[in-house]
Each structure stands twice: as structure tokens, then as C-alpha cells.
Amino acid sequence: VASEIYIPLTVGGGIRTLADFDRVLKCGADKVSVNSGAIADPSVIAAAAKRYGDQCVVLSMDVKRVDGKFRLFAKGGREDTGIDAMEWAVRGVEDGAGEIVLNSIDTDGVKSGFDLEMLDALAARVHVPIVASGGAGSMEHFAELFTHPGVDAGIAASIFHTKQVDIRELKRFLRDKGVEMRL
């Protein structure tokens with residue numbers, strides 16, 4: 001992909017060791033996203049940040065409400081770790097994660113909007129870029145997200161794959177709503 005398109009790439013999935021970071025960076029990734037691998041071995045965050053820089057390390061988190069608290073899940077959101085997600089985020093940033101991708105399991109696939117409450121809780125605890133994932137179902141959801149303080153970016157998949165939302169139309173829509181946008 002990196003040889004065909006010229007946009008920054010963040011690569012994740014199966015990242016468990018520094019060798020995994022090295023492999024994907026050498027293939028053209030700009031950043032490396034780690035989730036379950038960091039849960040299994042939290043020291044990989046600090047080691048990767050020391051070797052490649054904080055800006056390269058993205059802590060990806062699958063989070064769900066359990067008994068009124070935000071809990072961290074592993075293995076694609078299938079396994080409750082019992083870890084408080086907000087405390088995990090703080091630890092990850094202290095160890096060197098330079099960005100966080102927060103996937104709300106509660107809103108993922110529901111298409112009723114991003115989980116602003118969860119994002120607010122995270123933004124109150126960390127001071128690194130936050131990327132929202134889970135919940136996009138319309139162009140209005142992106143406008144709401146990108147005009148919401150404390151959130152730096154958003155991710156969506158199915159609404160683009162199914163052509164429910166056209167990316168070019170979304171960019172024009174967001175620009176018209178006052179969101180700085182390259183067309």
C-alpha cells in the first residue's frame with residue numbers, strides 16, 4: 001500500500017514485539033498501533049517509544065461500559081481484561097504512547113454517532129491526540145465529532161465500504177460546516 005499511495009499510514013494487528021514495530025515501519029508505516037500486544041506486555045509501549053519516538057506509538061483501545069465503568073477489552077473486543085480503560089490510557093501515555101485510538105464497543109456498528117461521553121472521559125485524562133472509532137452512521141455524526149473539543153480525528157469503515165457515505169461528499173459537507181478540510 002505504501003508504495004502505491006502517499007498518505008500517512010498507521011498499521012496495527014498482531015503487533016506484540018519491537019520486531020513487529022520494526023517490520024511494519026520498514027514496510028512504509030508511519031505509525032504503529034498496538035492493543036492486545038500491549039495488554040499482554042505493557043513494556044512494549046515504552047520500548048517502542050524509546051526506539052522510534054512517541055509520535056510513532058499509537059495505543060489502540062477497545063472499551064465498553066461494564067457496571068457503569070469504562071473497561072478495557074482485548075482480542076478484538078471479545079475479552080474483558082478487567083482493567084479500567086481510563087487508567088490504562090494514562091499509563092500508556094506515561095509510557096510513551098503519542099496517540100490513542102478509542103474504539104467504543106458500545107457504539108461500534110450501531111451507526112448512531114460517536115461515543116462522545118467516553119471520548120470526553122478520555123480527553124479529561126490524557127493530552128495526546130485522540131482518534132474516535134465506533135458509531136459513525138452519517139455525515140452529521142462526523143460534523144458533531146469534529147466540532148467537539150478534545151477529539152482530533154475519527155475512523156469509520158462500513159459506511160464508506162457500503163457507499164452509505166461518499167468520502168468526497170463528506171469532505172465538502174464538513175468544509176461547509178466550518179471544519180478545516182483538504183478537498
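Okay, let's start in the middle of the thing: the largest nonpolar core has 50 residues, and the members that touch the most other members are Phe21, Met61 and Leu119. Before I go on, keep in mind that this is a predicted model.

Let me stay with Leu119 for a second. What does leucine 119 touch, once you drop residues up to four places away in sequence? You get Leu102, Phe114, Ile130, Ala132, Leu145 and Val151. By numbering, Leu119 falls inside helix 5, which runs 116-123, and Leu145 falls inside helix 6, at 139-146.

Right, zooming out to the whole chain. We've got 8 helices and 8 strands. The radius of gyration is 16 Å, and the globule rule gives 16 Å for 183 residues, so the chain is as compact as a globular protein of that length. If you prefer box dimensions, the C-alpha trace spans about 45 × 45 × 30 Å along its principal axes.

How much of the chain is buried? That's 45% of the 183 residues. On contacts, take the ones with a separation of 6 or more: 56% of those are between residues 24 or more positions apart.

Surface and charge, quickly. The accessible surface is about 9,800 Å², and carbon and sulfur atoms own 49% of it. For charges, I count 22 positive side chains and 27 negative ones, with the centres of the two sets 4 Å apart.

Now a few individual residues, beginning with a histidine. Histidine 148 sits in the loop between helix 6 (139-146) and strand 8 (153-155). So is histidine 148 buried or exposed? Its relative accessibility is 19%, and the cut-off for buried is under 20%, so histidine 148 counts as buried. Setting aside neighbours within four places in sequence, histidine 148 is in contact with Leu116 and Asp120. Both of those numbers fall in the 116-123 range of helix 5.

Last bit, for the backbone torsion fans: two lysines. Lysine 75 has phi near 55°, which is a positive value in a residue other than glycine. Where is lysine 75? In the loop between strand 4 (69-74) and strand 5 (79-84). Its relative accessible area is 44%, so lysine 75 is partly exposed.

Then there's lysine 111, with phi near 60°, again a positive value in a non-glycine residue. Lysine 111 is in the loop that goes from strand 6 (99-104) to helix 5 (116-123). With a relative accessible area of 32%, lysine 111 comes out as partly exposed.

That's my tour, thanks.

Key
Residues numbered from 1 in each chain as written. Predicted model: local features only at pLDDT ≥ 70, side-chain atom pairs only at ≥ 80, totals over all residues. Heavy atoms only, no water. Helix = DSSP H or I, 4+ residues; strand = E, 2+ residues; numbered from the N terminus. Buried < 20%, exposed > 50% of the residue type's maximum accessible area, 1.4 Å probe, protein only. Contact = heavy atoms within 4.5 Å. Core = buried A, V, L, I, M, F, W, Y, C linked by side-chain atoms within 4.5 Å. Rg over C-alpha atoms; globule rule 2.2 N^0.38 Å. Areas by Shrake-Rupley, 256 points an atom, 1.4 Å probe, with all protein chains shown as cover. Lys, Arg positive; Asp, Glu negative; His and termini not counted. Charge placed at Lys NZ, Arg CZ, Asp CG, Glu CD.
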